[in-house]
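Biologist: I would like to go through this model with you. Could we take the charged pairs, the nonpolar interior and the surface in turn?

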Amino acid sequence: MKEIEQRGLYYEEFEPDTRYLHRPGRTVTEADNVFFTTLTMNTQALHLDAAWSERQPFGERLVNSMFTLSTLVGASVAQLTQGTIVANLGFSDIAFPHPVHHGDTLYSETVVVGKRLSASRPGQGIITLEHTGRNQDGVVVATATRQVMVWCRDAHPEAVRS
């Protein structure tokens, strides 16, 4: 019987100008927001205090933007980097152009914008990814650029060679 183990992509499989749509989406609940916010010791009233937030410009609590970023990137893992990543190298150009509200559904997508072999780590390459998160109405709620180091297929110590 043939077996297939889900994994991310090896360096050779990443193609610039390719968009990956990560599904399913993730509907964000009030409990998600409060748990994440308190777990990370973020005491921002905008995420925790309903009475205070009602008097602010959006009129309600907003979802913690770090939860939004984490979910945006996390949604890409199974499709792009599960088991093939060496390390996250960094994030840049992070923006939250529209708030996420309790009950919104976050849909994530990633575009491969660059790749190069590592000059200092043979058998590994650096991929530049642009992540975009949209709500259920297609409104962009988050963007981030991320660089990751991934294995080349023939160098990966656990690669199943066929």
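Biologist: Let us begin with R7: is R7 buried, exposed or partly exposed?

Modeller: Please keep in mind that this is a predicted model. R7 is partly exposed, because its relative accessible area is 31%.

Biologist: With which residue does R7 form a salt bridge?

Modeller: The partner of R7 is E13, and their closest N and O atoms are 2.9 Å apart. E13 is partly exposed as well, with a relative accessible area of 25%.

Biologist: Which other side chain meets E13 in a salt bridge?

Modeller: That of R153, at 3.1 Å from N to O. R153 belongs to the segment after β5 (140–151) and E13 to the segment before β1 (19–27), so this pair ties together parts 140 residues apart in sequence. R153 counts as partly exposed, at 31% relative accessibility.

Biologist: How many salt bridges are there by this rule?

Modeller: The count comes to six. Another one joins D32 and R26, with 2.7 Å from N to O. D32 is buried, because its relative accessible area of 18% falls under the 20% limit, whereas R26 is partly exposed at 34%.

Biologist: Which residues do salt bridges with shared partners join into one network?

Modeller: R7, E13 and R153 make up that network.

Biologist: Turning to the interior, how many residues has the largest nonpolar core?

Modeller: It has twelve, including V28, F36, F67, L72, V73, L106 and V141. Both α4 (65–74) and β5 supply at least two residues of this core. The largest share, four residues, comes from α4.

Biologist: What is V73 in contact with, leaving aside its neighbours within four places in sequence?

Modeller: V73 is in contact with F91, H131 and R146. Apart from the largest core there lies another core, of eleven residues, among them L9, F14, L80 and C152. In general, nonpolar side chains of soluble globular proteins tend to be buried together.

Biologist: And on the outside, which residues make the nonpolar surface patch?

Modeller: M66, F91, I94 and F96 make a patch of about 330 Å².

Biologist: Where does F96 lie?

Modeller: F96 is in the loop between β2 (85–95) and β3 (105–117). With 32% relative accessibility, F96 counts as partly exposed. That value is over the 30% required of patch residues, so F96 meets the accessibility condition for the patch.

Technical notes: Residues are numbered from 1 along each chain as its sequence is written. This is a predicted model: local features need pLDDT of at least 70, side-chain atom pairs count only at pLDDT 80 or more; totals for chains, interfaces and linings use all residues. Side-chain values use heavy atoms; hydrogens and water are left out. Patches are made of residues with over 30% relative accessible area and no salt bridge: like charges are joined within 9 Å, nonpolar side chains (Val, Leu, Ile, Met, Phe, Trp, Tyr) within 5 Å. Accessible areas come from the Shrake-Rupley method with a 1.4 Å probe; for residues, only the protein chains shown count as cover. A salt bridge is a side-chain nitrogen of Lys or Arg within 4 Å of a carboxyl oxygen of Asp or Glu. Buried means under 20% relative accessible area, exposed over 50%, partly exposed in between (1.4 Å probe, protein chains only). A nonpolar core is a set of buried Ala, Val, Leu, Ile, Met, Phe, Trp, Tyr and Cys residues joined through side-chain atoms within 4.5 Å. Contact means heavy atoms within 4.5 Å.
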